[in-house]
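Visitor: I've got a model open and I'd like to learn how to read it. Can you walk me through the features one by one?

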Amino acid sequence: YLGIVYLRMRSQMRSVDKPSKSNPLGRVLAAVDGIAMEEEELLQLKLDEAVLTEIPALERGNGLIKLLAATSPLLGLLGTVTGMILTFQAISLFGTGDPKLMAGGISQALVTTVLGLVVAIPLLFGHSLINALSRSMIQRLDEQCAGVLARNADQQSAG
């Protein structure tokens with residue numbers, strides 16, 4: 001989703017004077033269409049409102065990815081503890097004479113640890129990538145708002 005939005009915003013950057021409702025930048029720019037340039041405070045408020053409206057869609061899902069990346073090693077640790085409990089129960093019931101009885105619990109402990117890390121590591125990289133992409137798009141929206149206000153100030157000083 002963010003990749004498509006990013007491409008649409010890049011396309012909109014080429015034609016800032018013709019806002020399109022198909023991307024966040026176009027919607028922000030369209031929010032100030034029809035506002036008189038003399039009304040700088042209203043222009044600023046409309047731009048702020050439009051940007052604040054777009055931010056949740058750009059940040060949607062970031063928290064869930066971060067949560068999954070944080071909890072998967074904990075679930076692996078839980079499996080590790082469970083596997084070690086099974087191992088100690090086997091030792092207490094049958095002693096240490098037969099290693100095959102302990103192997104199942106130790107195997108469970110190691111597999112769950114590995115699986116927790118296998119899930120967490122790509123999720124951390126994915127979260128970092130998605131977070132950086134959404135932050136850059138929000139930054140672009142803020143830059144364009146500043147540009148609109150600067151153009152407005154230039155027109156007022158020229159007029």
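Guide: Let's start with burial: buried means under 20% relative accessible area, exposed means over 50%, and partly exposed is in between, with a 1.4 Å probe and protein chains only. Leucine 58 has a relative accessible area of 1%, so it is buried. Before going on, note that this is a predicted model, where local features need pLDDT of at least 70, side-chain atom pairs count only at pLDDT 80 or more, and totals for chains, interfaces and linings use all residues. Residues are numbered from 1 along each chain as its sequence is written, and side-chain values use heavy atoms, with hydrogens and water left out.

Visitor: Got it. What are the secondary-structure elements, and in which order do they run?

Guide: Helices (H or I, at least four residues) and strands (E, at least two) are DSSP runs, numbered from the N terminus. Here the protein chain has 5 helices and 0 strands, so reading from the N terminus gives α-α-α-α-α.

Visitor: How do I read the overall shape of the chain?

Guide: Use the radius of gyration, taken over C-alpha atoms, and set it against a globule rule of 2.2 Å times the number of residues to the power 0.38. For 159 residues a compact globule would come out near 15 Å, but this chain has 27 Å. The C-alpha trace spans about 95 × 25 × 20 Å along its principal axes.

Visitor: And what share of the residues is buried?

Guide: Buried residues are 29% of the 159 in the chain. For the surface, accessible areas come from the Shrake-Rupley method with a 1.4 Å probe, and for residues only the protein chains shown count as cover. The chain's accessible surface is about 10000 Å², and carbon and sulfur atoms hold 66% of that.

Visitor: Which residues have the most contacts inside the largest nonpolar core?

Guide: A nonpolar core is a set of buried Ala, Val, Leu, Ile, Met, Phe, Trp, Tyr and Cys residues joined through side-chain atoms within 4.5 Å. The largest one has 20 residues, and Val28, Leu43, Leu47, Leu58 and Leu141 have the most contacts inside it. Helix H1 (2–14), helix H2 (24–30), helix H3 (40–59) and helix H5 (99–158) each give two or more residues to this core.

Visitor: What does leucine 58 touch, leaving out residues up to four places away in sequence?

Guide: Contact means heavy atoms within 4.5 Å. Leucine 58 sits in helix H3 and touches Leu2, Val5, Pro24, Ser134, Met137, Ile138 and Leu141, with residues up to four places away not counted. Sequence separation alone won't tell you the distance: leucine 58 and proline 99 are 41 residues apart in sequence and 54 Å apart in space, C-alpha to C-alpha. Across the whole chain, 65% of the contacts with a separation of 6 or more are between residues 24 or more positions apart.

Visitor: Which contacts does leucine 47 make?

Guide: Setting aside neighbours within four places in sequence, leucine 47 is in contact with Val28, Val32, Cys145, Val148 and Leu149. Now look from the other side: cysteine 145 is in helix H5, is buried with a relative accessible area of 9%, and touches Val28, Leu47 and Val51, not counting residues up to four places away in sequence. Next to it in the numbering, glutamine 144 is also in helix H5. Glutamine 144 counts as buried because its relative accessibility is 12%, and beyond residues up to four places away it touches Met13, Val16 and Leu25.

Visitor: Is glutamate 49 buried, exposed or partly exposed?

Guide: Glutamate 49 has its place in helix H3, and it counts as partly exposed because its relative accessibility is 48%. Its C-alpha atom is separated by 15 Å from that of glutamate 143, which is 94 residues apart along the chain.

Visitor: Where is glycine 83 found?

Guide: Glycine 83 is in helix H4 (residues 62–94). At 0% relative accessibility it counts as buried. Leaving aside neighbours within four places in sequence, glycine 83 is in contact with Gly105, Ile106, Gln108 and Ala109.
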